[in-house]
Structures are given as structure tokens and as C-alpha cells.
Amino acid sequence: MPDESQNHATTPNLASAIQPPRLHLAQLPTPLQLLSRLSERFNGPRIWVKRDDLSGSVLTGNKVRKLEYNLAQALAEGCDTVISCGGLQSNHCRATALLCAQLGLNCHLLLRGSAPASADGNLLLDQLAGARISYYPASQYQRELDALLLETKQSYASQGCKVFIIPTGASDAIGVWGYVQACAELKQDFEHCGINPQHIICATGSGGTQAGLTAGVYAYGINAQVWGVNVCDDEAWFVNKVNSDLRDWDARYQTGIKLESLSVKVIDGYVGPGYAQADTEIFRCIADAAATEGLVLDPVYTGKAFFGMLDQLQQGRFGSGGDIVFIHTGGVYGLFPQRSHFDFLNH
Ligand SMILES: *Cc1c(COP(=O)(O)O)cnc(C)c1O
């Protein structure tokens with residue numbers, strides 16, 4: 001819980017940390033907007049949205065903030081080829097493929113699943129961006145991902161390429177910076193809007209966004225608890241993953257932050273049938289948010305997290321007043337491949 005007595009003067013900033021290289025690739029700052037009609041309906045804390053879905057049109061979402069750091073590192077190391085991985089409709093892979101094209105880098109994606117007859121959503125954009133794509137059955141991908149990444153790297157290296165591997169979701173020591181620095185922006189947003197939110201909520205899929213936010217609020221003296229709503233696996237898995245990303249970040253950059261002071265909190269219970277699979281209530285929530293506020297969520301990440309946030313709000317987890325902030329992490333291209341679940345809109 002936020003501690004009202006915390007003295008901001010003693011909050012460590014990151015001036016003593018080793019500064020990472022960064023590229024400016026996202027459209028920043030993104031807007032912070034109040035959802036007035038939904039807030040009124042739920043009659044609890046006011047609900048604000050940080051519109052990171054507006055970080056770029058085809059770059060939309062949270063990954064571009066992290067990739068500003070991962071790709072800067074790749075260039076700093078003189079790499080000409082980037083290898084990354086994810087699901088067939090990975091937003092991270094789509095942003096990586098497009099940014100590699102923009103920067104003149106080769107991109108090779110290892111995707112979980114089989115090649116569809118015709119590509120849709122993020123996968124279509126991967127193809128347009130000219131990424132090389134290898135498809136692996138889910139079971140093999142799960143078992144052998146590290147070996148497959150290494151194998152692919154070696155095959156490029158043997159052709160004289162210099163390879164940089166970006167792990168799932170760019171959630172690693174380097175990618176953590178993306179949402180640490182997003183907190184500098186949030187701090188300004190809050191000052192500008194005259195609010196002091198007590199809770200910040202995001203979807204958690206590989207943990208890097210939550211890790212960055214958790215360290216960032218502390219580093220920038222924002223008195224809010226960060227909550228990740230997991231969209232796969234479970235609470236224990238993500239508490240461990242987020243803490244492990246934070247330890248790697250601290251070890252690599254000597255941040256000076258006391259990691260014990262950070263509060264890693266996961267809200268479990270909204271995964272539904274599984275990763276990228278949602279129940280009807282999620283599709284109805286997505287349609288409702290679009291019709292009520294013009295806010296378009298997705299069934300893989302933000303729809304589940306937004307639904308979970310509203311459910312927890314109703315149960316009183318975020319108190320009865322004040323302000324809360326939902327981080328809209330993007331995902332719109334993942335909506336279209338699941339169009340058949342919106343058939344209820346035609347009746
Ligand atoms: C990747 C992703 C997330 C989850 O972020 P992580 O840093 O991987 O936990 C949330 N929303 C969208 C739309 C994403 O693409």
C-alpha cells in the first residue's frame with residue numbers, strides 16, 4: 001500500500017545508475033485520459049487511462065517503449081540482425097519486425113504455432129515488414145525455445161551476421177527501462193491533471209511492463225501501488241518473473257534502488273480458458289468500453305486486465321474514492337483474428 005508519510009526527498013532517483021543507450025521510436029508523451037462515463041457508472045474511484053495504445057499507429061502498444069532500449073543496445077553492439085520470439089499474434093514481434101525494417105536491421109521471428117493459409121492481424125504486419133519467420137508447434141516451442149534461438153543465431157553468425165536476441169516481450173534487464181522511464185511521463189501527467197492516483201493497473205504477459213512500472217513509481221516518487229493482471233500462468237509465476245527481471249536490471253545497471261522496497265503485486269483470476277483465449281464476458285466488456293468511451297481493448301491482454309480491474313473495483317480493492325490509472329498497453333491488431341467472437345453484435 002502507498003505510504004503517505006514517504007518522504008520524496010529521500011526517494012532515490014536513478015542519477016547514479018549506469019545510463020542505457022536509447023532510441024526515440026515511440027510517439028511520446030501519450031495522453032492520460034479520464035473515463036468519465038465508466039467512472040460514473042461504477043461510482044468508485046475515478047478511472048483514468050494512460051493511452052500507450054497511441055505510442056504509434058502500427059507500433060501501437062507497450063513494446064515500443066521497451067524496444068527503444070533493446071534496439072539501441074543492438075545498434076550499440078554493432079548488430080545487424082535481430083532474433084525474437086512469441087505467439088502467432090505477438091504484438092511484440094510485430095513491433096520488433098517493423099522497427100527492424102525502420103532501422104535497416106534483419107529480423108527473424110520464431111513463432112509458436114503453424115503457418116496459417118493466409119495471415120491476419122499482427123502476423124500480416126510481420127510479413128509486410130519483411131521479417132523471416134519460423135513456425136514451431138506449441139509443444140516443441142515450449143520445450144526447445146532457448147535451443148531454437150541459439151540455433152538460429154548460429155546459422156546467421158555462420159553467414160557473417162552479428163545477431164542480437166530479444167527475449168519474449170522484450171522483458172529483460174534492458175527492456176525494464178521502457179516503463180521505468182514511462183513513470184517520468186506519468187509523474188508529469190499526474191501533476192498536470194492535479195491527481196495523486198493510489199493504484200496503477202496493467203496487463204501482465206511477460207512481466208517487463210509491470211517490472212518497469214514497479215521500479216519507476218518508486219524511482220520517481222509516485223505514491224501508487226502497481227498491480228499486474230496476469231493473462232496467462234499464475235500469480236506465483238509472475239511475482240517470480242517480475243522480481244527476477246528487476247534483479248537483472250539492478251545488477252546490470254547498478255541502479256542504487258533497494259529492491260526490497262519494491263512491492264510486486266499480481267491480481268490473478270482473469271486468465272479465463274488460457275492465453276489468448278477469452279470467455280464471452282471479455283468480448284462483451286471490450287464492446288462496452290468501445291461503445292461507452294471509444295476505448296478499444298483486445299481479447300488477449302487489455303480486455304482481460306480491464307475486465308479484472310472493473311471487477312476488483314466493484315469488490316472494493318481500490319477503495320471508494322480517489323483516482324486509479326489503467327495502462328492501455330495496445331493490442332488492437334490481436335482483435336481482428338478473433339472477430340468471430342463478436343457475432344453477438346449482429347443480433
Ligand atoms: C505484451 C503485452 C502486454 C504485456 O506486457 P508484458 O510486459 O509482456 O507483461 C500487455 N498488453 C499488450 C497489448 C501486449 O502486447
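Okay, before anything else, a word on UniProt labels: the positions follow the numbering used here, the feature names are shortened, and an annotation may be inferred rather than shown by experiment. With that in mind, the UniProt record, an unreviewed entry, places the feature "domain: Tryptophan synthase beta chain-like PALP" at residues 26-330. And please remember throughout that we're looking at a predicted model.

So what does that stretch look like? Over residues 26-330, the chain is 45% helix and 16% strand. If you take the C-alpha atoms at the two ends of that stretch, they sit 13 Å apart.

Let's start with the charged side chains. As general background, side chains of opposite charge can pair when their charged atoms come close. How many salt bridges does the structure hold? There are 12 salt bridges here, and I'll walk you through a few.

Take Arg22 and Glu68. Their side chains meet in a salt bridge, at 2.9 Å from N to O. This pair links distant parts of the chain: Arg22 belongs to the segment before β1 (32-34), while Glu68 belongs to helix α2 (residues 63-76), and the two are 46 residues apart. Is each partner buried or exposed? Arg22 is partly exposed, because its relative accessible area is 32%. Glu68 has a relative accessible area of 1%, so Glu68 is buried. The cut-off you need there is that buried means under 20%.

Next up, Arg41 and Asp288. Here the side chains meet in a salt bridge at 3.0 Å, again N to O. Arg41 lies in helix α1 (residues 36-42) and Asp288 in helix α9 (residues 280-293), so this pair ties together parts that are 247 residues apart in sequence. As for how open they are, Arg41 has 46% relative accessibility and counts as partly exposed. Asp288 is partly exposed too, with a relative accessible area of 27%.

Now have a look at Asp53, which forms a salt bridge with Arg51. The closest N and O atoms of that pair are 2.8 Å apart. Both Asp53 and Arg51 are buried. There's also a network: Lys50, Asp52, Arg65, Glu185 and Asp189 are joined into one by salt bridges that share partners.

Let's move to the surface. Which residues gather in a patch of negative charge there? They are Asp233, Asp234, Glu235 and Asp268. If you want to find one of them on screen, go to Asp234, in the loop between β8 (225-230) and α8 (235-253). Asp234 has a relative accessible area of 37%, so it is partly exposed.

While you're in that loop between β8 and α8, click on Cys232 as well. At 10% relative accessibility, Cys232 counts as buried. The C-alpha atoms of Cys232 and Thr204 are 8.2 Å apart, with their positions 28 residues apart along the chain.

Okay, backbone time. In general, most residues other than glycine have a negative phi, and most peptide bonds are trans. This model has some exceptions to show you.

One is the peptide bond from Leu28 to Pro29, which is cis, with omega near -5°. You'll find Pro29 in the segment before β1.

Another is Asn43, with a positive phi of about 55° although it is not a glycine. Asn43 lies in the loop between α1 and β2 (46-50). Asn43 is exposed, because its relative accessible area is 67%. Then there's Gln254, also not a glycine, with a positive phi of about 50°. Its place is in the loop between α8 and β9 (265-267). With a relative accessible area of 51%, Gln254 is exposed.

Last, two distances to try yourself. Leu149 is in helix α5 (residues 138-157), and at 8% relative accessibility Leu149 counts as buried. Leu149 and Pro167 are 18 residues apart along the chain, and their C-alpha atoms are separated by 9.2 Å. Then go to Asn196, in the loop between α6 (176-193) and β7 (199-204). Asn196 counts as exposed, at 52% relative accessibility. From Asn196 to Gly303, 107 residues apart along the chain, the C-alpha atoms are separated by 25 Å.

That's my tour, thanks for listening!

Methods. Residues are numbered from 1 along each chain as its sequence is written. This is a predicted model: local features need pLDDT of at least 70, side-chain atom pairs count only at pLDDT 80 or more; totals for chains, interfaces and linings use all residues. Side-chain values use heavy atoms; hydrogens and water are left out. Helices (H or I, at least four residues) and strands (E, at least two) are DSSP runs, numbered from the N terminus. Patches are made of residues with over 30% relative accessible area and no salt bridge: like charges are joined within 9 Å, nonpolar side chains (Val, Leu, Ile, Met, Phe, Trp, Tyr) within 5 Å. Accessible areas come from the Shrake-Rupley method with a 1.4 Å probe; for residues, only the protein chains shown count as cover. A salt bridge is a side-chain nitrogen of Lys or Arg within 4 Å of a carboxyl oxygen of Asp or Glu. Lys and Arg count as positive and Asp and Glu as negative; His and the chain ends are not counted. The place of a charge is taken as NZ of Lys, CZ of Arg, CG of Asp or CD of Glu. Buried means under 20% relative accessible area, exposed over 50%, partly exposed in between (1.4 Å probe, protein chains only).
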